[in-house]
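Here's a quick briefing to read with the model open beside you. Take a look at the fold first, then come back for the details.

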Amino acid sequence: EAKKNESFPSLKVVVVVVVVVGARSPLLPPLRSTPLRQVDGAPEHLDAKRRAVQFKDAKHVALSFCRLDRIAHLAPFASLTKLCLDNNRIRVIENLSHLTHLERLDLSFNEITKIENLDALTKLNDLSLFNNKIRTIEGMDAFRKTLSTLSLGNNELDALEQLSPLTAFKDIRVLNLGGNGACKDPEYRAFVLSHVKGLKYLGAF
């Protein structure tokens, strides 16, 4: 799945905190010096400003490519709206119930087998579980009215019947199921479009 490149808008204040977990430390280490803060359109070094940024006010945390085996140590980040945990070794979705403001969650390229423990994420509108080991579409009732983008490509959804739960998601506009066995069925496209009527984009490759 192509990863999206996002740039910071030239607004008054955009604060992004990227936390890098070291292999030797079980807790969150100090933030590294990374040019990821932008104020009034001008980049500033995060190292010079990080003491002024409170974890509880952070909106975006990226923990990609950190070799994480599990989701943990996110308790200070209660105001997150975007969390990237892609490209790790996570097997279980857990410890996210306090992130009630979360709107975007990226769990792609992990080893997740079940969609679970997301009941508190009632504002979620963008969820990526691309390239995991999921066999059942479940555990997403809490945000079925807000979810607009869902990526379940490259999982283990081999039969059209496994896609039936998508009927509950009336507001999904972008859906990626490419790379699943169900996509090889000649009736795949017609089946999905009949179940998710508001789709604007359907990935099937």
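What is the mean pLDDT of the protein chain, and what share of its residues reach 70 or more? This is a predicted model, and its chain averages a pLDDT of 82, with 73% of residues at 70 or more. The picture below starts with confidence, then goes through the sheet, a helix that packs on it and an aromatic pair.

**Confidence**
- Watch out for residues 1-42, where pLDDT stays under 50.
- For that stretch the model has 80 contacts beyond four places in sequence.

**The sheet**
- Seven strands make up an open sheet, and they pair in parallel.
- If you want to walk across it, the order is β4-β5-β6-β7-β8-β9-β10.
- At the edges sit β4 (60-62) and β10 (201-203), each of which pairs on one side only.
- From one strand to the next, the twist averages 5 degrees.
- For a closer look at one pairing, go to β7 (residues 126-128) and β8 (residues 149-151), which run parallel and share three bridges.
- In that pairing, Ser 128 stands opposite Ser 151 in β8.

**Helix α2 on the sheet**
- Helix α2 (residues 188-195) packs on the sheet, where it touches β9 (174-176) and β10.
- The direction of α2 makes about 140 degrees with that of β10.
- Which residues of α2 are buried? They are Tyr 188, Phe 191 and Val 192.
- Looking down the axis of α2, you'll find these buried residues within an arc of 90 degrees, so they line one face of the helix.
- The general rule behind such a pattern is that an α-helix has 3.6 residues a turn, so residues three or four places apart point the same way.
- As for what the buried residues of α2 pack against, that's β9 and β10.

**Aromatic pairs**
- Searching the whole structure turns up two aromatic pairs.
- One of them joins Phe 109 and Phe 130, with ring centres 5.4 Å apart and planes at 55 degrees, which makes the pair tilted.
- This pair links distant parts of the chain, with the two positions 21 residues apart in numbering terms: Phe 109 is in the loop between β6 (104-106) and β7, and Phe 130 is in the loop between β7 and β8.
- Buried or exposed: how does Phe 130 come out? Phe 130 is buried, because its relative accessible area of 6% falls under the 20% cut-off.
- Phe 109 has a relative accessible area of 25%, so it counts as partly exposed.

Conventions: Residues are numbered from 1 along each chain as its sequence is written. This is a predicted model: local features need pLDDT of at least 70, side-chain atom pairs count only at pLDDT 80 or more; totals for chains, interfaces and linings use all residues. Side-chain values use heavy atoms; hydrogens and water are left out. Two strands pair if DSSP finds at least two bridges between them. Helices (H or I, at least four residues) and strands (E, at least two) are DSSP runs, numbered from the N terminus. Axes are lines fitted to C-alpha atoms, for helices over the stretch in contact, and angles run from 0 to 180 degrees between N-to-C directions. Contact means heavy atoms within 4.5 Å. Buried means under 20% relative accessible area, exposed over 50%, partly exposed in between (1.4 Å probe, protein chains only). The arc is that of the directions from the helix axis to the C-beta atoms. pLDDT is the predictor's confidence in each residue, from 0 to 100. Rings of Phe, Tyr and Trp (its six-membered ring) pair if their centres lie within 6.5 Å; planes under 30 degrees apart count as stacked, over 60 as edge-to-face and the rest as tilted.
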